[in-house]
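Reader: I am new to this structure and would like a close look at a single part of it, with its surroundings described step by step. Please choose one stretch and explain which of its residues are covered and which are not.

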Amino acid sequence: CALAAFGRRDAALDWLEKALQAGWKPFIAISVISTLFNPDLDPIRDTRRFKKMVKKHLPEQAKIMKIK
């Protein structure tokens with residue numbers, strides 16, 4: 001989140017990808033809201049790479065986020 005908030009989009013996406021590959025998953029809706037919907041992620045949320053990672057690693061959360 002901090003990397004995205006400070007405009008370091010590529011680094012933020014790299015670390016998110018590493019976390020997802022390591023098996024990180026938010027467990028309940030509240031954690032999805034506080035993580036994937038965190039306003040600090042606004043700079044990367046609309047990127048194709050972010051959407052692709054969420055769809056691949058977190059398909060249920062992708063539905064909540066309405067990622068197509």
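Author: Helices here are DSSP runs of H or I with at least four residues, strands are runs of E with at least two, and both are numbered from the N terminus. With that in hand, a good place to begin is Thr 47, which sits in the loop between H4 and H5. The model is predicted, with local features needing pLDDT of at least 70 and side-chain atom pairs pLDDT 80 or more, while totals for chains, interfaces and linings use all residues. Residues are numbered from 1 along each chain as its sequence is written, and side-chain values use heavy atoms, without hydrogens and water.

As background, the protein has 6 helices and 0 strands, and its elements follow one another from the N terminus as α-α-α-α-α-α. Of its 68 residues, 35% are buried, where buried means under 20% relative accessible area, exposed means over 50%, and partly exposed lies in between, with a 1.4 Å probe and protein chains only.

Thr 47 belongs to the buried group because its relative accessible area is 10%. Once its neighbours within four places in sequence are set aside, Thr 47 is in contact (heavy atoms within 4.5 Å) with Arg 9 and Leu 13. Contacts of this kind can also be counted over the whole protein: of those between residues at least 6 apart in sequence, 55% join residues at least 24 apart.

After this loop comes helix H5, residues 48–57, in which Phe 50, Met 53, Val 54 and His 57 are buried. These four lie on the same side of H5 because they cover an arc of only 95 degrees around the axis, the arc being that of the directions from the helix axis to the C-beta atoms. In general, an α-helix has 3.6 residues a turn, so residues three or four places apart point the same way. Among the elements that cover the buried residues of H5 are H2, helix H4 (42–45) and helix H6 (59–65). On the other side of H5, the picture is reversed, since Arg 48, Lys 52 and Lys 56 are exposed there.

Lys 52 also leads to the end of the chain, for its C-alpha atom is separated by 9.1 Å from that of Lys 68, although these two residues are 16 apart along the chain. Lys 68 is found in the segment after H6, and it counts as exposed because its relative accessibility is 84%. Lys 66 is in the segment after H6 too, and with a relative accessible area of 70% Lys 66 is likewise exposed. The backbone of Lys 66 deserves a second look, as it has a positive phi of about 60 degrees although Lys 66 is not a glycine.

To return to the partners of Thr 47, both Arg 9 and Leu 13 can be followed towards the N terminus through Leu 3, a residue of helix H1. Leaving aside neighbours within four places in sequence, Leu 3 is in contact with Arg 8, Arg 9, Ala 11, Ala 12 and Trp 15, which places Arg 9 in contact with both Leu 3 and Thr 47. Leu 13, for its part, is 10 residues from Leu 3 in sequence and 8.8 Å from it in space, C-alpha to C-alpha. Unlike the buried Thr 47, Leu 3 counts as partly exposed, at 27% relative accessibility.
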